[in-house]
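Biologist: I have this one open on my screen and would like to go through its pockets, cores and one of its sheets with you. Can we start once it is loaded?

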Amino acid sequence: MSAERSLHLPADWSLVPIGELLAFKNGLNKGKAYFGHGTPIVNYMDVFSRAGLLASDIKGLVSVSTAEKSAFSVRKGDVLFTRTSETPEEVGVSAVLLEDLDDAVFSGFVLRGRPKNQRLDVEFSKYCFASTFVRAQIVSSATYTTRALTNGRVLSKTLVPFPSSTEEQRAIAVALSDADGVIEGLERLIAKKRRIKQGAMQELLTGKRRLPGFSGEWEETTFGEIAHIRNEKVKTFKNPVAQRCIELEQIAPETGAILFEVDASKRSSVKYRFQSGDVLFGRLRPYLRKYHFANDAGVCSTEIWPLRARNCDPGFLYQIVQTNAFIQAASEAYGTHMPRADWNKLKVFAVQLPEDPEEQRAIATVLEDMEAEIRTLETRLAKARAIKAGMMEALLTGRVRLAEPMPLKKATEAAE
């Protein structure tokens, strides 16, 4: 069965090799001394981070000759692809230049695809190379030695489902751009709510702002006085408590959410035991902000500290480990490649503590309510991203047709 048949492409769509649309060129390689001054340069992270690039997005600078500026130029409509990365999944990621960049060039870690003709709408090119069908081809064709690689020859052979009508391309781009707008709006709102929560933590956890009804004394103490590591190691094989195991990769950064469950009782290893009410803190690369409040018993990686509260409400302790000041202190770690938090430094970390346990609990409740609001927004964001992914699969294969730009609500319903 042909690829067209397996995709069920409409009659006026076809599978087009990218090489019919774009001409590829490798980027500029220069020594470190040339960077930081000169002309703008489109770097790997610019391409990897966003599907559409504006002049204001390009922050890198490089010193180049007039000949280099001409040979490695970029302009509106150029599609740039990541050429190399640590994993195949990160090569061939694309971004299109949505406006001209005066005198700009592009990095050797990037491939430039310059349009050969007028067949490809600029806005459509933000999306058409990111479909599951196209990405699967790029990833499977990447080579790997010490790093994953792709090149212009390989990308030129990659097939992309392609509507012949530029009007249809534009309509698809509008629908997907509307979906991006919803996602970006939620991302901005979540970032704002996190900043507000961090500000509230700074005030409430230091006594600078008091909750109504509380006027008791506060004391300055140390982290080691309000928490200690539950240093109870257990063997996991056939151990019922190990049926709930938490590893670092299961903890979502910043949110404290557990992404998936693991049963460690079927394998032999040594883990920390934790109990309900313990605060789990990822000591490996603590700047990743991996923490979790345990509501039941289980085991966790020895790269996670199970912290038991003492002389302190557990919920208050959980809020302390989320503060910027605590994360900064924890990040003054030992080890360079795999830094780990140093307990000897953290146990002397200064903490302000209300003497009234009820005030501790009230503060923890206020901050947890703020976090619950953020979690609700995170759920909405995940749903919006899933809807957009469904829209992309439906619209970029012709399974759903758009005669004209469709409002986001209708496009969402069609994708579902």
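Modeller: We can go through the pockets, then the cores, then a sheet, bearing in mind that this is a predicted model.

Biologist: Okay, what volume does the largest pocket have?

Modeller: The volume of the largest pocket comes to about 690 Å³. It is lined by 27 residues, and those closest to its centre are S49, R50, A51, G52 and K388.

Biologist: And which elements give two or more residues to that lining?

Modeller: Those elements are α2 (44-49), α6 (166-204) and α11 (357-395), with α6 supplying the largest share, six residues.

Biologist: How do the residues of the lining divide by character?

Modeller: Eleven residues of the lining of the largest pocket are nonpolar, six are polar and ten are charged.

Biologist: Moving on, how much space lies in the second largest pocket?

Modeller: The second largest pocket holds about 290 Å³. Its lining has 17 residues, of which F293, N295, Y318, E368 and R375 are the closest to the centre. Two or more residues of that lining come from each of β20 (291-293), α8 (314-320) and α11, and α11 gives the most, with six.

Biologist: What about the character of that lining?

Modeller: The lining of the second largest pocket divides into four nonpolar, eight polar and five charged residues.

Biologist: Switching to the interior, which residues touch the most other members in the largest nonpolar core?

Modeller: That core has 37 residues, and the ones touching the most other members are L22, F81, F129, I172, L176 and L395. Two or more of its residues come from each of several elements, including β1 (13-17), β2 (22-26), β6 (79-82) and α11, while α6 gives the most, with six residues.

Biologist: Let's stay with L176: what is it in contact with, leaving aside its neighbours within four places in sequence?

Modeller: L176 is in contact with Y127, K388, M391, M392, L395 and L396. K388 is also among the residues closest to the centre of the largest pocket. There is a second, separate core as well, made of 35 residues, among them M201, L307, C312 and M370.

Biologist: Last topic: what is the strand order in the open sheet of four strands?

Modeller: The order is β16-β18-β21-β17, and the pairing is mixed. The edge strands, each pairing on one side only, are β16 (233-235) and β17 (245-246).

Biologist: How does β17 run relative to β21, parallel or antiparallel?

Modeller: β17 and β21 (residues 298-300) run parallel and are joined by two bridges, and C245 stands opposite V299 in β21.

Conventions
Residues are numbered from 1 along each chain as its sequence is written. This is a predicted model: local features need pLDDT of at least 70, side-chain atom pairs count only at pLDDT 80 or more; totals for chains, interfaces and linings use all residues. Side-chain values use heavy atoms; hydrogens and water are left out. On a 1 Å grid over the protein atoms alone, a cavity is a set of points where a 1.4 Å probe fits but cannot get out, and a pocket is an open set with protein on both sides within 12 Å along at least five of seven lines; lining residues have an atom within 4 Å of a point. Grid points are joined across faces, edges and corners, and a volume is the space filled by probe spheres set on the points. Ala, Val, Leu, Ile, Met, Phe, Trp, Tyr, Cys and Pro count as nonpolar, Asp, Glu, Lys and Arg as charged, and the others, Gly among them, as polar. A nonpolar core is a set of buried Ala, Val, Leu, Ile, Met, Phe, Trp, Tyr and Cys residues joined through side-chain atoms within 4.5 Å. Buried means under 20% relative accessible area, exposed over 50%, partly exposed in between (1.4 Å probe, protein chains only). Contact means heavy atoms within 4.5 Å. Two strands pair if DSSP finds at least two bridges between them.
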